[in-house]
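Trainee: Before we begin, I should like to learn how salt bridges are read in a structure. Please show me the case at hand.

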Amino acid sequence: MGDTSKHLTYFKVENFKRFESFEMRDLGQFNLIVGDNNVGKTSVLEALLVCEPAWVFVNRLFVALSYRKIKKQFAYGDVEFYLNKTSSDNNKIQNKISFDSHFSDATKQTIFLEFENDKRYIAVRGIPNDSTGYSMHDRVSVNTFFNTPFIPFFKGHDQDLNQFYSQLQKNRSQKKNFIKCLNTIVPDLEDIELSIPASFNGYNDTIEPALIVSQKNIDSTLPLAMFGDGILKLFRLLAEIVLNNGTRLMIDEIDTGIYFNRFRGFWKVILQTAKDNDVQLFMTTHNEECIKYFKEVLEMDLPDLQKDVRSITLVENKKTKLVTAHTYNFEQFEHALAVGNEVRA
């Protein structure tokens, strides 16, 4: 990582969802998180949304939890309920959730979320002991278009892609590079434009703009929504990487929607774009082919990134139900795959 980076190198969370205490050490810029089903991989990504001020963090959590469609209608107050139950005792409620973060620039940050039973109250404290407190309802209602650096496994085409692209295309060179990256999977892609809906008698309130794709040697254009899951997934990933320049992005089940013979090109463009935009990635997968091509791209195409790669295996103790994270650098990860060890736990 470069001198200007401020990426996580250590992360610890207590009393968050199923984790009474969970920590990850020796983090890199590219972190592939693996583990058995229901071990808490997605919960780790949600915990990594932590930030100041508290209302931004709560908004992010609201959006991330809403993606799971736990309830038909999800209210702000539900955030507390879904966050602070612990797995060892389902009746145990923790009123304080803590997050400890260490960064590559040697700075540290500690954040607490506190809940009170008589009102929806959050207090956030950082170092050195400065504190701010306010009600969840002091802020505007949840905004699903507010930047939440979290991509759920099933998120394909949606109207938020229009917003992402409208921001991205404000910079011509940025847009040009974005199109070039998409060419990895769509070789004949020439341009993408955000259409302006035609009005009908002066009214177009119910017509949403659409992303329109132009291809080489083809006069007609097609809506992006008509392309396959792999293209839509890559479009979303690249757009969010560019828009989260200099920060971190969490991606759940990164392999979803990508056909296995496209994994090499997919990994190459994702990792290189993240490197170019100084974005720290936390990605989960349970796909053996995805892991295999992750290693292959780093060996054959992007060897300079190997030092920044980590494989993190989550393992649950069957007796205590506590989850531990085992971090491996690229050399250890490579050796484990070479001798046939199961890195997915």
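Mentor: Let us start with one residue: Lys12 is partly exposed because its relative accessibility is 22%, where buried means under 20% relative accessible area, exposed over 50%, and partly exposed in between (1.4 Å probe, protein chains only). This is a predicted model, in which local features need pLDDT of at least 70 and side-chain atom pairs count only at pLDDT 80 or more, while totals for chains, interfaces and linings use all residues. Residues are numbered from 1 along each chain as its sequence is written, and side-chain values use heavy atoms, with hydrogens and water left out.

Trainee: With which residue does Lys12 meet in a salt bridge?

Mentor: Side chains of opposite charge can pair when their charged atoms come close. A salt bridge requires a side-chain nitrogen of Lys or Arg within 4 Å of a carboxyl oxygen of Asp or Glu. Here the partner of Lys12 is Glu14, at 3.5 Å from N to O. Glu14, at 27% relative accessibility, is likewise partly exposed.

Trainee: How many salt bridges does this rule give?

Mentor: The count is 14. Among them, Lys295 pairs with Glu299 at 3.2 Å, N to O. Both residues belong to helix α8 (residues 288-300) and are 4 residues apart, about one turn of the helix; helices are DSSP runs of H or I, at least four residues, and strands are runs of E, at least two, numbered from the N terminus.

Trainee: Is Lys295 buried or exposed?

Mentor: Lys295 is buried, because its relative accessible area is 18%. Glu299, at 30%, is partly exposed.
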